[in-house]
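Work through the exercises below with the model open. Try each task before reading its solution.

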Amino acid sequence: MIRTRIAPSPTGKDVHVGSVATALMNFAWAKKHRGKFVVRIEDTDQTRVVVGGEQKMLETLESIGLMADESPIVGGPFAPYRQSERLDIYKRYAQELVANNKAYYCVCTPERLDSMRKKQQAEKQMPKYDRHCLTHQAEVLEKVKKGEKHVIRLLMPEKTISFHDIIRGDITIDTNNLDDQVLLKSDGFPTYHLGVVVDDHLMEITHIIRGEEWLPSTPKHIILFEAFGWKVPEIAHVSVLRNPDRSKLSKRKNPVWTSEYIHMGIFPEALLNYLALMGWSHPEGKDIFSLDEYIRIFDLKDIQKTAPVFDPVKLAWMNGMYIRKTPDAKLTGQIYEFYDKKYPEDMIGKTVPLIKERIKKLSDYFLLCEFFFRAPKMYEIDLSVKKEMFAEIAKDMEKIRDWTADTIGKQLAQTAEKSGLKNSEFFMLLRVAITGKKISPPLNESMEVLGKNECCMRLRRVTAP
RNA sequence: GGUCCCAUCGUCUAGAGGCCUAGGACAGUAGGUUUUCAGCCUAUUAACCGGGGUUCGAAUCCCCGUGGGAUCACCA
């Protein structure tokens with residue numbers, strides 16, 4: 001049974017798109033093997049927890065289709081799935097490590113650690129705990145018994161650690177470069193390192209698929225798995241998404257919260273499809289494919305090592321493709337919902353065929369279609385000099401019995417002829433009179449949708465003094 | 001700075017020693033369709049970081065350099 005997991009910490013207001021990218025791989029890998037996809041909340045840093053962040057995160061994941069088989073919401077056989085509710089477990093395992101001489105108590109103050117590090121840095125040494133408390137373990141134990149604030153540190157053995165990464169191959173690191181990592185903090189919470197290892201084991205995770213920023217600390221985890229005598233899961237470190245300047249994707253340069261993209265009117269399917277292409281490609285070179293298809297052909301071995309730049313332009317293009325694929329009726333409903341049902345659905349339905357190929361995001365809709373819902377207040381071209389012409393057009397429009405795009409077009413062609421203007425000029429002026437803008441959906445069709453009365457009214461408004 | 005990871009068009013990528021005159025997609029450019037803008041169609045610009053090896057042959061394997069990134073907390 002394949003079991004994968006994502007372990008987000010609720011320190012932001014929502015899921016980061018980069019997290020969605022790795023969540024997608026975890027999800028796909030589990031689903032591909034009929035396994036389970038677990039979401040575990042790593043809320044072990046009380047100082048950084050963002051109120052409401054966890055819930056938003058979980059909601060977003062679900063809403064975009066990455067449904068967890070086990071999570072704090074849906075529960076599961078290894079509950080609880082929130083680390084803050086598993087404190088006694090970590091404490092027990094940390095103490096077990098101490099009992100087996102794999103870890104030790106430390107009562108050093110932050111101040112001492114700080115000055116120690118400053119000194120080390122001044123001497124151009126690697127900042128590393130000096131094991132002061134290890135050498136005075138008996139006294140330290142006394143202090144701990146008396147209830148003094150303390151932490152538990154991993155006793156880092158001296159050896160070289162080798163492990164196999166599915167994506168990056170064999171990696172070897174010397175533990176000389178590793179610190180005696182704190183495992184249990186003085187507030188009784190575990191650090192990330194203890195938390196992941198204990199939970200990944202207890203929750204029977206078979207594949208750890210996570211961002212490459214964890215690569216350097218993986219040896220610590222291996223040491224811990226070994227210290228406990230546990231089997232190390234398969235490990236795969238995927239590259240993280242980048243800004244155009246190649247730094248880690250950050251909110252400075254791009255929207256990073258997943259719901260921001262949804263609020264722009266990016267479809268979850270399109271977002272997932274685009275994210276799937278970050279570091280992976282379809283064997284047939286396809287760009288557009290469904291989540292099901294992705295799950296079927298995705299393989300961890302095919303993931304690219306290079307860190308990809310997140311390109312909102314291609315995402316938008318892809319979303320446009322999804323919009324064009326959506327049946328009109330469905331798209332109508334989506335737009336209606338997207339704008340909180342503020343605009344009449346039947347009117348949206350009439351406009352959808354006109355703008356379907358012109359919008360890339362749902363949020364583009366209003367920009368293009370505002371004039372269907374209210375007459376323009378401003379005109380992008382000064383129309384006042386052509387008043388007589390608009391009066392003339394209005395008169396001709398009144399004559400039309402059968403108000404369809406086709407007949408409107410025919411009549412307009414004649415009117416244009418009479419006007420003596422070039423077709424392009426004539427229609428541009430008319431377009432602005434009707435829509436207020438130089439860029440709009442097709443005119444005849446738009447006029448049909450607006451109706452004869454409304455069109456004539458708008459023309460007369462221009463004519464009025 | 002130490003350690004680790006990475007390196008093909010501007011971007012996402014294909015490429016597992018000869019199929020490479022390096023392919024596709026986005027973006028760009030030009031043209032066509034046209035009543036604006038899109039869309040669609042056609043064409044087109046553009047890359048193997050550098051240097052050494054290995055080999056009959058290297059984008060592909062090895063080494064060195066360079067560049068980029070990550071990481072070195074009682075943060076994850």
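**Exercise 1.** Which element gives the largest share of the surface near RNA strand B? Work on the predicted model.

*Solution.* Start with the residues. 60 of them surround RNA strand B. Glu42, Val182, Tyr192, Ser281 and Pro308 are the closest. Next, list the elements that give two or more residues: helix 4 (110-122), strand 6 (169-174), helix 12 (312-325), helix 17 (405-419), helix 18 (423-435) and helix 19 (443-450). Helix 18 has the largest share, with 4 residues. Finish with the classes: this surface has 25 nonpolar, 18 polar and 17 charged residues.

**Exercise 2.** Find the edges of the open sheet with the order 3-4-7.

*Solution.* The sheet has 3 strands, and their pairing is antiparallel. Strand 3 (103-106) and strand 7 (182-184) each have a single partner strand, so they are the edges, and one side of each has no neighbour in the sheet. From one strand to the next, the twist averages 45°. Now check one pair. Strand 4 (residues 151-154) and strand 7 are joined over 2 bridges in the antiparallel sense. Ile152 stands opposite Leu184 of strand 7.

**Exercise 3.** Do strand 8 and strand 9 pair in the parallel or the antiparallel sense? Trace the unit that they make with helix 8.

*Solution.* Strand 8 (residues 207-211) pairs with strand 9 (residues 234-238) in the parallel sense, over 5 bridges. Ile209 stands opposite Ala236 in strand 9. Add helix 8 (residues 218-228): together with the two strands, helix 8 makes a right-handed β-α-β unit. Last, check burial. Strand 8 is mostly covered, with 4 of its 5 residues buried.

Definitions and conventions
Residues numbered from 1 in each chain as written. Chains lettered and ligands numbered in written order. Predicted model: local features only at pLDDT ≥ 70, side-chain atom pairs only at ≥ 80, totals over all residues. Pairing = 2+ DSSP bridges. Axes fitted to C-alpha atoms, helices over the stretch in contact; angles between N-to-C directions. Near = placed C-beta within 6 Å. Nonpolar A, V, L, I, M, F, W, Y, C, P; charged D, E, K, R; others polar. Buried ≥ 20, exposed ≤ 12 C-beta atoms within 10 Å, placed from the backbone. Right-handed = clockwise from strand over helix to strand, strands pointing away.
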